[in-house]
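Here are my comments on the model you sent, set out as numbered points for you to read beside the coordinates.

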Amino acid sequence: SEMQAQAREYEIVLKSEPDNQIALEGLVQVRLQMRDRKGAIQPLEQLVKLNPKKQEYKSLLAQVKQEVGKGGKGDR
């Protein structure tokens, strides 16, 4: 799908620039739209690490982790 292609593009950028915040944000958005909550956690954690003062990343990360926990799908 188009969203999967977008996600792949962000992943390619992040391979060479792991701290690229535009790519990290884009990947989080695409994965959330694809209902891939688990896949959004890692780039969100990276954003929190890069922006420790930015509360919206922390809030979103907590929310996503809570939703993943409620899903009961187990960890990979």
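The points below take up one residue, then a helix, then the salt bridges.

1. Please keep in mind throughout that this is a predicted model, and that the values quoted here are computed from it.

2. I would begin with Val28, which is found in helix α2 (residues 21-33). Val28 counts as buried because its relative accessibility is 2%, under the 20% cut-off for that class. Leaving aside neighbours within four places in sequence, Val28 is in contact with Ala40, Pro43, Leu44, Leu47 and Leu60. As for its position along the chain, Val28 is 10 residues from Pro18, and the C-alpha atoms of these two residues are separated by 14 Å.

3. Helix α3 (residues 37-50) has 14 residues, which at 1.5 Å a residue should span 20 Å, and its end C-alpha atoms are indeed 20 Å apart, in agreement with that expectation. Among the buried residues of α3 are Ala40, Pro43, Leu44 and Leu47, and these four also appear in the list of contacts of Val28. Gly39, Ile41, Gln46 and Val48 are buried in α3 as well. The buried residues of this helix pack against α2 and α4 (55-71).

4. The structure holds 3 salt bridges, and I take them in turn. Arg31 pairs with Glu11, with the closest N and O atoms 2.5 Å apart. This salt bridge links distant parts of the chain, since Arg31 lies in helix α2 and Glu11 in helix α1 (residues 2-16), 20 residues apart. The two partners fall into separate accessibility classes: Arg31 is buried, with a relative accessible area of 14%, whereas Glu11 is partly exposed, with a relative accessible area of 28%.

5. A further salt bridge is formed by the side chains of Arg37 and Glu67, at 2.3 Å from N to O. Arg37 lies in helix α3 and Glu67 in helix α4, so the pair ties together parts that are 30 residues apart in sequence. Arg37 counts as partly exposed at 25% relative accessibility, and Glu67 counts as partly exposed at 28%.

6. The side chains of Lys65 and Glu45 also meet in a salt bridge, with an N to O distance of 3.1 Å. Here Lys65 belongs to helix α4 and Glu45 to helix α3, so that distant parts of the chain, 20 residues apart, are linked. Lys65 is partly exposed, with a relative accessible area of 40%, and Glu45 is likewise partly exposed, with a relative accessible area of 36%.

How values were computed: Residues numbered from 1 in each chain as written. Predicted model: local features only at pLDDT ≥ 70, side-chain atom pairs only at ≥ 80, totals over all residues. Heavy atoms only, no water. Helix = DSSP H or I, 4+ residues; strand = E, 2+ residues; numbered from the N terminus. Buried < 20%, exposed > 50% of the residue type's maximum accessible area, 1.4 Å probe, protein only. Contact = heavy atoms within 4.5 Å. Expected span 1.5 Å × (residues − 1). Salt bridge = Lys/Arg side-chain N within 4 Å of Asp/Glu carboxyl O.
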